[in-house]
Structures are given as structure tokens and as C-alpha cells.
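Dear colleague,

I am passing on the structure we discussed, and I would be grateful if you could keep it open while reading the notes underneath.

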Amino acid sequence: LVPVGTTIDGAEVLVDIEASGVVTVDGPDERTVPFLRSLAVAAATAASTAQPRVVLVGLSGELTALPWVETADTLGVALVGGENRAAETVQALRSLHCQSTAMARAAGATPDAWEPLVVVSARAPEDERYRVAALAARPGHAVGVVCPPGEVAHGRTLRIDDDGWLHTDGVDPSSWRARIDG
């Protein structure tokens, strides 16, 4: 779970990146890049994750000094780790007869084995779009990818408008509004 903003009433809004598989962030670059940085910080420092592993693409800074944060030159390189993690997790889940990491965690099955790999990319998928789509089709398998949409948005889509309001596809904006923190 990572914070993505606050409601008008001041409540913090959280998104489960792993449960979505892929979170697409769309909006003006001057808003989305700082937002992606804030998601990377939140994923790398989440209290709920003992051993977070975060891979950054097109983002740098002090966060890379943390031992569990690494960088990749391209989204394609970062996705190799995500695909490998998902494949390992699928095998482990099958052996436990669980459909998702949430089920495995709830059952108390070796919780350290379910620590997610989170890829946060400032670069949209191009040649990698089919690989991102495949990960989006398998949510809940210890991998979360956050990136701009490219040609097509995959997974859950968060849109940031020019005024800094966050919109989520499928959620009526009259019933829920959140302002990004970044």
C-alpha cells in the first residue's frame, strides 16, 4: 500500500500496487514525475514491507542510496526482474493451493516469500507494452509496475489533472476526490 493523495476531508488515500499488478499514471509531466518519485519513496519505505525491493527507471536521486532500491537503464531490463519474480511466486502459490499473495499471507505461509518487487518507471512502455499487459493480467503475484500509459493504459489508471486532482478510472469523481501530495 502506498499513499497517493488526500481527500478533501484530509483522509489519506492508499493504493495497493501489487494487487493491481500495473498502475498507469497519466497527466502532465510536471505533475506525474514528482508523483512517481513520491510513489517510489513510499514503496521503498513502507512500514508494512520488511524487505522492499524497488527498481527505478528514469528516476534517480537520494533514494538510490537505500540498499533495496536499484536502477535499471530501461523498462525492459526492469521487467525481467518482475517477470522472474512473478514466475517464482506463481510456482510457490501453486504448491500452497493459493491464488494470490494476499491469500498466502492470510494463511500465514512464509510471509517473507511474498515481499513484492515494485518497478517505478518515468518512461512509458513502448516495445515492452505486451510484457506490461501480461503483468497487468496477473495481479497479486508479488510484482507491481507503475508507469505512464504509452499507447495503451494497463491495469489500474490514475489520472492527474492540471490542478493536481487525482482521478481513478471507474470511480465517480462526485463521490471521491483526492489531491496528490507531490
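The notes below take up one helix, one serine and two loop residues in turn. Please bear in mind throughout that this is a predicted model.

I begin with helix 5, which spans residues 129-136 and whose buried residues are Val132, Leu135 and Ala136. Viewed down the helix axis, these buried residues fall within an arc of 105°, so they line one face of helix 5. This fits the general pattern that an α-helix has 3.6 residues a turn, so residues three or four places apart point the same way. The cover over the buried residues of helix 5 includes helix 1 (17-20) and strand 3 (22-26), together with helix 3 (75-96) and strand 7 (143-147).

Serine 121 belongs to strand 6, which runs over residues 117-121, and it counts as buried because its relative accessibility is 0%, against a cut-off of under 20%. Its side chain reaches the backbone oxygen of arginine 123 at 2.7 Å. Leaving aside residues up to four places away in sequence, serine 121 touches Leu36, Val57, Leu75, Val146, Cys147 and Pro148.

Finally, there are two residues whose backbone angles you may wish to look at. Histidine 97, in the loop between helix 3 and helix 4 (101-106), has a positive phi of about 60° although it is not a glycine, and with a relative accessible area of 72% histidine 97 is exposed. Alanine 142, in the loop between helix 5 and strand 7, is likewise not a glycine and has a positive phi of about 70°, but alanine 142 is buried, with a relative accessible area of 0%.

With best wishes

Methods. Residues are numbered from 1 along each chain as its sequence is written. This is a predicted model: local features need pLDDT of at least 70, side-chain atom pairs count only at pLDDT 80 or more; totals for chains, interfaces and linings use all residues. Side-chain values use heavy atoms; hydrogens and water are left out. Buried means under 20% relative accessible area, exposed over 50%, partly exposed in between (1.4 Å probe, protein chains only). Helices (H or I, at least four residues) and strands (E, at least two) are DSSP runs, numbered from the N terminus. The arc is that of the directions from the helix axis to the C-beta atoms. Contact means heavy atoms within 4.5 Å. A polar contact is a pair of N or O atoms within 3.5 Å; within protein, one must be able to donate a hydrogen and the other to accept it, and residues adjacent in sequence count only if both atoms are side-chain atoms.
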